[in-house]
Amino acid sequence: MNLNRSVALVTGANRGLGARLVQQLLAAGAAKVYATSRGASADAADPRVAPLTLDVTDPASVRAAVEAAPDVTVLVNNAGVVSIGSALGGSLDDFERDLRTNYLGTLRVTRAFVPVLEQHAPAAIVNVLTLLALAPVRLTAGYSASKAAAHSMTQSLRGELRGRGISVLGVYPGSIDTDMLAGVDTYEASPELVAERIVAALTAGETMVFPDDASAAAGAVYLQDPVKLERMLTGY
Ligand SMILES: NC(=O)c1ccc[n+]([C@@H]2O[C@H](COP(=O)([O-])OP(=O)(O)OC[C@H]3O[C@@H](n4cnc5c(N)ncnc54)[C@H](OP(=O)(O)O)[C@@H]3O)[C@@H](O)[C@H]2O)c1
């Protein structure tokens, strides 16, 4: 998709990957980016950035955002939360929060913006998922399940939106150096690089992207042998 003169909306744009996606979309030619966050929106230094309040779990907030952003051509569902806990040991309340945000929140925002996107087609939806949507790790079982649900929803959308001028890109990163992984000792890709590769994949019209070196290697395993990736990540 040609991003020149596009109008993007990014959820969870106040920090982490979302903030970098705003910058990369502008660098790729977007005319305007709604940088949404669930906190109060502060003024942006760049006139092309329009701050907007949006909590993906709050239907009234989502309705208000659609009214305030009626010209969106690229919806980037980036907002997400993670809980720590295994399938047998994790808190169900935490798992529910993962689902409410990562799956139902993403779906809610998507449903609300599809009429806007269709009106301004060609348009695109970008769903930031995770490699763990394709195979979980034990310690984030609730998060992995919520992203697996969002992965399935991404596939459903692609079919349902076929022929309606809206493309759907699924994003499957490995570990990224943001607050989400604060305190976790592992290799983490730079959020700038991940954002750059996501926007490149969007521009190239891809349907799936593994936007860092670790996820690209694991993604290659998945595409050849999904059970092998499951064994690698769950350690069974
Ligand atoms: N970091 C990683 O290793 C990694 C790997 C794979 C995929 N991802 C995915 O990448 C995306 C961005 O994560 P990140 O690494 O940038 O994490 P992050 O630094 O923790 O940022 C998460 C963002 O989501 C927002 N958010 C959370 N709940 C929200 C809600 N109900 N409504 C609106 N916004 C909400 C947060 O807003 P507040 O500031 O208000 O909390 C924040 O802006 C997520 O979908 C995550 O699952 C991350």
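At 2% relative accessibility, Tyr 172 counts as buried in this structure, which is a predicted model. Phe 210 is likewise buried, because its relative accessible area of 15% lies under the 20% cut-off.

These two residues bring the account to the aromatic rings. A pair of aromatic rings is described by the distance of the centres and the angle of the planes. The count of such pairs in the model comes to one. Its members are Tyr 172 and Phe 210, whose ring centres are 5.7 Å apart and whose planes stand at 40°, so the pair is classed as tilted. The pair links distant parts of the chain, with the two positions 38 residues apart in numbering: Tyr 172 belongs to the loop between β6 (166-171) and α5 (191-204), while Phe 210 belongs to the loop between β7 (208-209) and α6 (213-224).

Helix α6 also takes part in a helix contact. The axes of α6 and helix α7 (residues 226-234) come within 5 Å of each other and cross at roughly 135°, and the two helices are therefore oblique to each other. On the α6 side the contact is made by Ala 218, Val 221, Tyr 222 and Gln 224, which meet Pro 226, Lys 228, Leu 229 and Met 232 of α7. By character, the residues of this contact divide into six nonpolar, one polar and one charged.

Turning to the interior, the largest nonpolar core has 39 residues, and those with the most contacts inside it are Leu 9, Tyr 34, Val 72 and Phe 113. The elements that give two or more residues to this core include the strands β1 (7-10), β3 (49-53), β5 (123-128) and β6, together with the helices α2 (59-68), α3 (92-119), α4 (141-160) and α6. Of these, α3 gives the most, with six residues. Once residues up to four places away in sequence are set aside, Tyr 34 touches Val 7, Ala 8, Leu 9, Val 10, Ala 50, Leu 52, Ala 68, Ala 69, Pro 70, Asp 71 and Val 72. Another core, of 29 residues, lies apart from the largest one, and among its members are Leu 26, Ala 30, Ala 124 and Ile 198.

Two helix residues can be described through their surroundings. Ser 61 has its place in helix α2, and its contacts, leaving aside neighbours within four places in sequence, are with Thr 53, Leu 54 and Asp 55. Val 109 lies in helix α3, and on the basis that leaves aside neighbours within four places, Val 109 is in contact with Thr 11, Val 56, Val 62, Leu 75 and Asn 77. The C-alpha atoms of Val 109 and Leu 3 are separated by 21 Å, these residues being 106 residues apart along the chain.

The relative accessible areas of three residues are set out below.

| Residue | Relative accessible area | Class |
|---|---|---|
| Ser 61 | 12% | buried |
| Val 109 | 0% | buried |
| Arg 5 | 72% | exposed |

Finally, two features concern the backbone. Most residues other than glycine have a negative phi, and most peptide bonds are trans. Arg 5, found in the segment before β1, has a phi near 65°, a positive value in a residue other than glycine. The peptide bond from Ala 121 to Pro 122 is cis, with omega near 5°, and Pro 122 lies in the loop between α3 and β5.

Technical notes. Residues numbered from 1 in each chain as written. Predicted model: local features only at pLDDT ≥ 70, side-chain atom pairs only at ≥ 80, totals over all residues. Heavy atoms only, no water. Phe/Tyr/Trp six-rings, centres within 6.5 Å; stacked < 30°, edge-to-face > 60°. Helix = DSSP H or I, 4+ residues; strand = E, 2+ residues; numbered from the N terminus. Buried < 20%, exposed > 50% of the residue type's maximum accessible area, 1.4 Å probe, protein only. Axes fitted to C-alpha atoms, helices over the stretch in contact; angles between N-to-C directions. Parallel < 35°, antiparallel > 145°, perpendicular 65-115°, else oblique. Contact = heavy atoms within 4.5 Å. Nonpolar A, V, L, I, M, F, W, Y, C, P; charged D, E, K, R; others polar. Core = buried A, V, L, I, M, F, W, Y, C linked by side-chain atoms within 4.5 Å.
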